[in-house]
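Work through the exercises below with the model open beside you. Try each task before reading its solution.

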Amino acid sequence: SACRGATFFLMGGRLAQRLRCTLFASLMQQDIGFFDVTQIGELTSRMTQDCQQVVDQAYLNVNVFLRTLVSIVATLAFM
C-alpha cells in the first residue's frame, strides 16, 4: 500500500512537470499579440491549477483501474 502510494505520488509529480513544461513551451511559441489579449493571471492559473486537476484525475483513474484489475485477476485465479 505504501509502495503503491509512493509510486503514484512520483508518477503524479512527473506527469505534472511534463504537462507544465509542454504548456510553457507552447506558450513561448505564441505570437506577441496573444499576450496582449490574454491576462497573466489566466496563464498562471492554467499552469498551476488546471495542470494539477489533470494530474489528480489521471492519478485517480489509474489507481481505480489498477485496483480493479488486481481484484479481477485475483478473483479469476481463485475460481
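## Exercise 1: Place a valine

Val73 lies in helix H3. Helices here are DSSP runs of H or I with at least four residues, strands are E runs of at least two, and both are numbered from the N terminus. The model is predicted, so local features need pLDDT of at least 70 and side-chain atom pairs count only at pLDDT 80 or more, while totals for chains, interfaces and linings use all residues. Residues are numbered from 1 along each chain as its sequence is written, and side-chain values use heavy atoms, with hydrogens and water left out.

Task: Is Val73 buried or exposed?

Solution.
- Start with the cut-offs: buried means under 20% relative accessible area, exposed over 50%, and partly exposed in between (1.4 Å probe, protein chains only).
- Val73 has 51% relative accessibility, so this residue counts as exposed.
- Now take Val64, also placed in helix H3. Its relative accessible area is 44%, so Val64 is partly exposed.

## Exercise 2: Map the nonpolar patch

Task: Which residues form the nonpolar patch on the surface, and which helix gives the most to the patch?

Solution.
- Apply the patch rule: residues need over 30% relative accessible area and no salt bridge; nonpolar side chains (Val, Leu, Ile, Met, Phe, Trp, Tyr) are joined within 5 Å, like charges within 9 Å.
- The members are Met11, Tyr59, Leu60, Val62, Val64, Phe65, Leu66, Leu69 and Val73.
- Together they have about 740 Å² of accessible area. Such areas come from the Shrake-Rupley method with a 1.4 Å probe; for residues, only the protein chains shown count as cover.
- Helix H3 (residues 40-77) gives the most, with 8 residues.

## Exercise 3: Trace the salt bridges

Task: How many salt bridges does the structure hold?

Solution.
- Use the criterion: a side-chain nitrogen of Lys or Arg within 4 Å of a carboxyl oxygen of Asp or Glu.
- The count is 2.
- One pairs Glu42 with Arg46 at 4.0 Å, N to O. Both residues lie in helix H3, 4 residues apart, about one turn of the helix.
- Another pairs Asp50 with Arg46 at 2.4 Å, N to O. These two are 4 residues apart in helix H3, so about one helical turn separates them.
- Shared partners join Glu42, Arg46 and Asp50 into one network.
- Check exposure. Glu42 is partly exposed at 41% relative accessible area. Arg46 is partly exposed at 43%. Asp50 is partly exposed at 23%.

## Exercise 4: Describe the whole chain

Task: What are the secondary structure, the radius of gyration and the box of the chain?

Solution.
- Count elements: 3 helices and 0 strands. Their order from the N terminus is α-α-α.
- The radius of gyration, taken over C-alpha atoms, is compared with a globule rule of 2.2 Å times the number of residues to the power 0.38. The chain has 18 Å, whereas a compact globule of 79 residues would have a value near 12 Å.
- Along the principal axes, the C-alpha atoms fill a box of roughly 65 × 20 × 20 Å.
- Within the chain, the C-alpha atoms of Val64 and Met47 are separated by 26 Å, and these residues are 17 residues apart along the chain.
- Finish with burial: buried residues make up 11% of the 79 residues.
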